[in-house]
Amino acid sequence: MKFQEKEFISKKGNRYLLRSPEEKDAEIMLEYLKETARETEHGLSYPEEMDMTIEEEMEFLKHFAEDEKSMMISVFDGGRLVGGASLTCVGEKRKIRHRGTLGIALLREVWGQGIGRALMRGLIDFAGKAGYVQIELEVVADNTPAINLYESLGFTTYGRRPKFFRLKDGSYVDGILMVSEL
């Protein structure tokens, strides 16, 4: 499903465009994903693990836009992608398709500007319209700003996953499991 394009003015007064990414955005989407992976250990992948081709990303974005139970919202600063979030169905089986799972990533330069909150609100609104009963997410236990954001939007912690991530240096980081009922 596509997000209704709109302008967002950040806490710092910067103007951004929020919209669903399109197939034409595939190359900048891949660059953005690599950049967010370089900037923080809070994401799922390392930059060198980002091996999707432009054609594969185009197909992924096309599929996402056509899926009635999924939405992706990207944040553009001119032609540059600086953030994004997505909501997908946990699975298509009847017993679990009432649950959505959410992911979000922002470039460090736009942290603390209210962009994450705007993305989350857009996806929470969509989730209710799409018939989800709850939204779930996982967050690295030491990502306090993200946890605070999620809690302020009604998410609660329901568990902790030990050794959620194994970092390059061999150390581990736990994960926090959070849920919001709609």
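Where is S70 found in this structure? In this predicted model, S70 is found in the loop between α2 and β3, the strand that covers residues 71-77. I shall begin with that residue and then move through the rest of the chain.

Is S70 buried or exposed? Its relative accessible area is 3%, and a residue counts as buried under 20%, so S70 is buried. The side chain of S70 is joined to the side chain of D67 by a polar contact of 2.9 Å. If we leave aside neighbours within four places in sequence, S70 is in contact with M1, F64, L87, T88, C89 and F126.

Let us turn to helix α2 itself. A65 has its place in this helix. With 27% relative accessibility, A65 counts as partly exposed. Setting aside residues up to four places away in sequence, A65 touches M1 and K2. M1 was also among the contacts of S70. A65 can further be compared with E23: the two are 42 residues apart in sequence, yet their C-alpha atoms are 9.3 Å apart in space.

Next, how do α1 and α2 pack? Helix α2 comprises residues 54-66, and α1 packs with it at an angle of about 100°, the two axes being 8 Å apart. Angles from 65 to 115 degrees count as roughly perpendicular, and therefore α1 is roughly perpendicular to α2. On the α1 side, the contact is made by A26, E27, M29 and L30; on the α2 side, by I54, E57, M58 and L61.

Just ahead of α1 we come to D25. This residue lies in the loop between β2, residues 15-19, and α1, residues 26-39. Is D25 buried or exposed? D25 is buried, because its relative accessible area is 5%, below the 20% limit. Its side chain makes a polar contact of 2.8 Å with the side chain of R19. Apart from neighbours within four places in sequence, D25 is in contact with R19, L61 and F76. L61 has already appeared, as one of the α2 residues in the contact with α1.

I now come to the interior. In soluble globular proteins, nonpolar side chains tend to be buried together. In this model, the largest nonpolar core has 43 residues, and those with the most contacts inside it are L18 and Y150. Which helix gives the largest share of this core? That is α3, residues 115-129, which supplies seven residues. Y150, for its part, touches I104, M120, L137, V139, F155 and M178, not counting residues up to four places away in sequence. There is also a second, separate core of six residues, and Y46, V140, F164 and V173 are included in it.

Helix α3 deserves a closer look. It has 15 residues and reaches 22 Å from its first C-alpha to its last, close to the 21 Å expected at 1.5 Å a residue. Its buried residues are I115, G116, A118, L119, M120, G122, L123, F126 and A127. Two of these names have been heard before: M120 is touched by Y150, and F126 is in contact with S70.

What follows α3? Just after this helix, G131 takes a positive phi of about 90°. G131 lies in the loop between α3 and β6, residues 134-140. Its relative accessibility is 44%, which means that G131 counts as partly exposed. The C-alpha atoms of G131 and R97 are separated by 9.3 Å, although the two residues are 34 residues apart along the chain.

A second positive phi should be mentioned. Most residues other than glycine have a negative phi. K163, a residue other than glycine, nevertheless has a positive phi, near 50°. K163 has its place in strand β7, residues 156-166. Is K163 buried or exposed? Exposed is the answer, because its relative accessible area is 55% and the limit is 50%.

My last residue is A105, in strand β5, residues 99-106. A105 is partly exposed, with a relative accessible area of 26%. Which residues does A105 touch, not counting those up to four places away in sequence? They are Y32, T36, G83 and G84. Finally, A105 and H42 are 63 residues apart along the chain, while their C-alpha atoms are separated by 9.0 Å.

Notes
Residues are numbered from 1 along each chain as its sequence is written. This is a predicted model: local features need pLDDT of at least 70, side-chain atom pairs count only at pLDDT 80 or more; totals for chains, interfaces and linings use all residues. Side-chain values use heavy atoms; hydrogens and water are left out. Helices (H or I, at least four residues) and strands (E, at least two) are DSSP runs, numbered from the N terminus. Buried means under 20% relative accessible area, exposed over 50%, partly exposed in between (1.4 Å probe, protein chains only). A polar contact is a pair of N or O atoms within 3.5 Å; within protein, one must be able to donate a hydrogen and the other to accept it, and residues adjacent in sequence count only if both atoms are side-chain atoms. Contact means heavy atoms within 4.5 Å. A nonpolar core is a set of buried Ala, Val, Leu, Ile, Met, Phe, Trp, Tyr and Cys residues joined through side-chain atoms within 4.5 Å. The expected span of a helix is 1.5 Å times one less than its number of residues. Axes are lines fitted to C-alpha atoms, for helices over the stretch in contact, and angles run from 0 to 180 degrees between N-to-C directions. Angles under 35 degrees count as roughly parallel, over 145 as roughly antiparallel, 65 to 115 as roughly perpendicular and the rest as oblique.
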